[in-house]
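Hello,

Here is the structure we talked about. Please open it and keep it beside you while you read my notes below.

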Amino acid sequence: MTAPDISDMAPLLAGERGPLRLEIEDFNTEYAAVLDAQEMKRWPKFFTRDAFYRITARENFDEGLPVGLVWLEGEAMFLDRVAAIENTMVFAPRYLRHYITNVNVIGANAAGLISAEANYLVVETLMEDETKIFQAGCYKDLFVRGEDGDLKLKSRDCIYDSLLIPNDMAFPV
């Protein structure tokens, strides 16, 4: 993926940051609710048709390495991921809870890109096991406005902090 040019991102004024931060928090709340309910068919609707999504280790991100545990570019790859989760992947029944906090609106540019970051924590409960931390990290997001004026993700990098992760990474974070 060719990353969108964000070199011209400008900080927002205090009066602009607050309402936009709340809008992004509402977006992330709905995003988490969809993933928690495992309503996978709704998940791609949070993204633009040409969106980029990656789950990668902090070490790889910090080194600028273009690798990811999950790497999706464009609507077809998102839909393929959903189909794989719903129809072909085999995994033990589980409950996931997503906690998204500390939203920080970095800036925006004249092209309509909005840069934001947030921390995330995903906990997992297997049916006959205790609840465990599944993954913790941060999102680095680029939002745009959809035709309806609502926010859509143009890009979401999910950067996990631990070098050790579960080997059953079926669901998005």
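Ala136 is partly exposed, with a relative accessible area of 29%. In this predicted model, Ala136 lies in strand S5, residues 131–145. Which residues does Ala136 touch, leaving out those up to four places away in sequence? They are Tyr120, Leu121, Ile159, Tyr160 and Asp161. Asp62 is another matter: 74 residues separate it from Ala136 in sequence, and the two C-alpha atoms are 16 Å apart in space.

Now the other strand positions.

Thr56 sits in strand S1. Is it buried or exposed? Thr56 has a relative accessible area of 1%. The cut-off for buried is under 20%, so Thr56 is buried. Leaving aside neighbours within four places in sequence, Thr56 is in contact with Phe61, Val67 and Gly68, and also with Cys158, Ile159 and Tyr160. Ile159 and Tyr160 also appear among the contacts of Ala136.

Ser155 belongs to strand S6. Its relative accessibility is 7%, and Ser155 counts as buried. Beyond four places in sequence, Ser155 touches Phe52, Lys140, Asp141 and Leu142.

Glu124 is part of strand S4. This charged residue has 9% relative accessibility and counts as buried. Phe134 is 10 residues away from Glu124 along the chain. Their C-alpha atoms are separated by 5.6 Å.

Next, the helices.

Helix H1 runs over residues 14–36 and has 23 residues. From first C-alpha to last, H1 reaches 33 Å, close to the 33 Å expected at 1.5 Å a residue. The buried residues of H1 are Leu20, Ile24, Phe27, Asn28, Tyr31, Ala32, Val34, Leu35 and Asp36. What do they pack against? The partners are S1, strand S3 (94–108), strand S4 (114–126), S5 and strand S6 (151–160). Thr56 is in S1, Glu124 in S4, Ala136 in S5 and Ser155 in S6, so to speak of these strands is to return to residues named above.

H3 covers residues 75–88. How far apart should the ends of its 14 residues be? At 1.5 Å a residue, they should span 20 Å. The end C-alpha atoms of H3 are 19 Å apart, which agrees. The buried residues of H3 are Phe78, Arg81, Val82, Ala84 and Ile85. Seen down the helix axis, these buried residues fall within an arc of 155°, so they line one face of H3. The face turned away from that buried side carries the exposed residues Ala76, Asp80, Asn87 and Thr88. What covers the buried residues of H3 includes S1 and strand S2 (70–73).

Then the second largest pocket.

Its volume is about 200 Å³. Which residues line this pocket? The lining is made up of Pro44, Lys45, Phe47, Thr48, Arg49, Glu75, Phe78, Leu79 and Lys152. By type, the lining divides into four nonpolar, one polar and four charged residues. Strand S1 (47–57) and helix H3 each supply at least two of the lining residues. Phe78 deserves a second look: it is one of the buried residues of H3 and also part of the pocket lining.

Last, two backbone points to check by eye.

Gln38 follows H1. It lies in the loop between H1 and S1. Its phi is positive, about 55°, although Gln38 is not a glycine. Gln38 is partly exposed, with a relative accessible area of 29%.

Asn102 also has a positive phi of about 55° without being a glycine. Asn102 lies in strand S3. Is Asn102 buried or exposed? With a relative accessible area of 57%, Asn102 is exposed.

Best wishes

Definitions and conventions:
Residues are numbered from 1 along each chain as its sequence is written. This is a predicted model: local features need pLDDT of at least 70, side-chain atom pairs count only at pLDDT 80 or more; totals for chains, interfaces and linings use all residues. Side-chain values use heavy atoms; hydrogens and water are left out. On a 1 Å grid over the protein atoms alone, a cavity is a set of points where a 1.4 Å probe fits but cannot get out, and a pocket is an open set with protein on both sides within 12 Å along at least five of seven lines; lining residues have an atom within 4 Å of a point. Grid points are joined across faces, edges and corners, and a volume is the space filled by probe spheres set on the points. Helices (H or I, at least four residues) and strands (E, at least two) are DSSP runs, numbered from the N terminus. The expected span of a helix is 1.5 Å times one less than its number of residues. Buried means under 20% relative accessible area, exposed over 50%, partly exposed in between (1.4 Å probe, protein chains only). The arc is that of the directions from the helix axis to the C-beta atoms. Contact means heavy atoms within 4.5 Å.
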